[in-house]
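Biologist: Could you take me through one part of this model in detail? I'd like a close look at how the helices sit against each other, and then at the loops and turns around them.

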Amino acid sequence: AESSLKYYLIAADALAHDRFAEAGVALGKLVGYADKTLQPLAATAAGARGIQELRRVFAPLSVKMLDTELPDGYAVAFCHMAFDNEGARWVQSDGAVSNPYYGAAMLRCGAFEEDDVAESDD
């Protein structure tokens, strides 16, 4: 799972910086490490034919990644404007938000979600 997170994060960062080819390479590697639920999503993303298409299929892949136990230093971020205000989540390292759905256009659009799982567990 650690390797799948690693390649997912490389892809997210590449998307945030509009580097389509780099994202594709990372996602191709992710396919090799992904479990059977993640694999088809990773394969779809790896096969995307352009950055807009890749961003769209990166959203369901990200949702699946949220099931992963995140190591310290990583958090879930959310951009409510992504995909015509549908909103989309992603995983990234703590620090400045780097939005994979907008890239340079709106790199810092989004916010970290507070980890409120503890409160909702009653």
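Modeller: Sure, and bear in mind that this is a predicted model. Let me begin with a loop residue, Leu70, and work back to the helices from there. Setting aside residues up to four places away in sequence, Leu70 touches Leu5, Ala75, Val76 and Val91. Leu70 itself is in the loop between H4 and E1. Leu5 is a partner from far along the chain: 65 residues separate the two in sequence, yet their C-alpha atoms are 8.4 Å apart. Even with those contacts, Leu70 is partly exposed, because its relative accessible area is 24% and the cut-off for buried is under 20%.

Leu5 takes us to H1, where it is one of the buried residues, along with Ser4, Tyr7, Tyr8, Leu9, Ala11, Ala12, Ala14, Leu15 and Ala16. What do the buried residues of H1 pack against? They have H2, H4, strand E1 (74-79) and strand E2 (88-93) as partners. The helix has the length you'd expect, too: 15 residues at 1.5 Å a residue should span 21 Å, and the end C-alpha atoms of H1 are indeed 21 Å apart.

Just past the end of H1, Asp18 has a positive phi of about 60°. Then comes Arg19, in the loop that links helix H1 (2-16) with helix H2 (20-33). Arg19 is partly exposed, at a relative accessible area of 35%. If you ignore neighbours within four places in sequence, Arg19 is in contact with Asp13, Ala14 and Ile51. So that you can place it against H3, here is a distance: the C-alpha atoms of Arg19 and Ala43 are separated by 18 Å, with their positions 24 residues apart along the chain.

Now for the helix pairs, starting with H2 and H3. They pack at an angle of about 155°, and their axes are 8 Å apart. H2 and H3 are therefore roughly antiparallel to each other, as the cut-off for that label is over 145 degrees. The crossing of this pair is left-handed. On the H2 side you'll find Gly24, Leu27, Gly28, Leu30 and Val31, and these meet Gln39, Ala42, Ala43, Ala45 and Ala46 in H3. By class, the residues of this H2 and H3 contact come out as 7 nonpolar, 3 polar and no charged.

Next along is the pairing of helix H3 (residues 39-46) with helix H4 (residues 51-65), which pack at an angle of about 160° with their axes 9 Å apart. That makes H3 roughly antiparallel to H4. Here, too, you have a left-handed crossing as H3 passes H4. Leu41, Ala42, Thr44 and Ala45 in H3 meet Leu54, Val57, Pro60, Leu61 and Lys64 in H4. Those residues divide into 7 nonpolar, 1 polar and 1 charged. Take Ala42 and Ala45 as ones to click on: both are listed in the H3 side of the contact with H2, and both turn up in the contact with H4.

That leaves H2 against H4. Their axes come within 11 Å and cross at roughly 35°, and the crossing is left-handed. Phe20, Ala23, Leu27 and Leu30 in H2 meet Ile51, Leu54, Phe58 and Leu61 in H4. The class count for this contact is 8 nonpolar, no polar and no charged residues. Ile51 may ring a bell, since Arg19 touches it as well.

Two more spots are worth a look while you have the model open. One is helix H5 (residues 82-85), home to Asp84 and to Asn85. Asp84 has a positive phi of about 55° although it is not a glycine, and phi of Asn85 is also positive, near 65°, again in a residue other than glycine. How open are they to the outside? Asp84 counts as exposed, at 74% relative accessibility, and Asn85 counts as exposed at 57%.

The other is Ser98, in the loop between E2 and strand E3 (111-112). Is Ser98 buried or exposed? It is buried, with a relative accessible area of 16%. Not counting neighbours within four places in sequence, Ser98 is in contact with Ala16, Trp90, Gln92, Leu107 and Arg108. Ala16 brings us back to H1, where that residue is itself buried.

Technical notes: Residues numbered from 1 in each chain as written. Predicted model: local features only at pLDDT ≥ 70, side-chain atom pairs only at ≥ 80, totals over all residues. Heavy atoms only, no water. Helix = DSSP H or I, 4+ residues; strand = E, 2+ residues; numbered from the N terminus. Buried < 20%, exposed > 50% of the residue type's maximum accessible area, 1.4 Å probe, protein only. Contact = heavy atoms within 4.5 Å. Axes fitted to C-alpha atoms, helices over the stretch in contact; angles between N-to-C directions. Parallel < 35°, antiparallel > 145°, perpendicular 65-115°, else oblique. Left-handed = near helix turned anticlockwise from the far one by under 90°. Nonpolar A, V, L, I, M, F, W, Y, C, P; charged D, E, K, R; others polar. Expected span 1.5 Å × (residues − 1).
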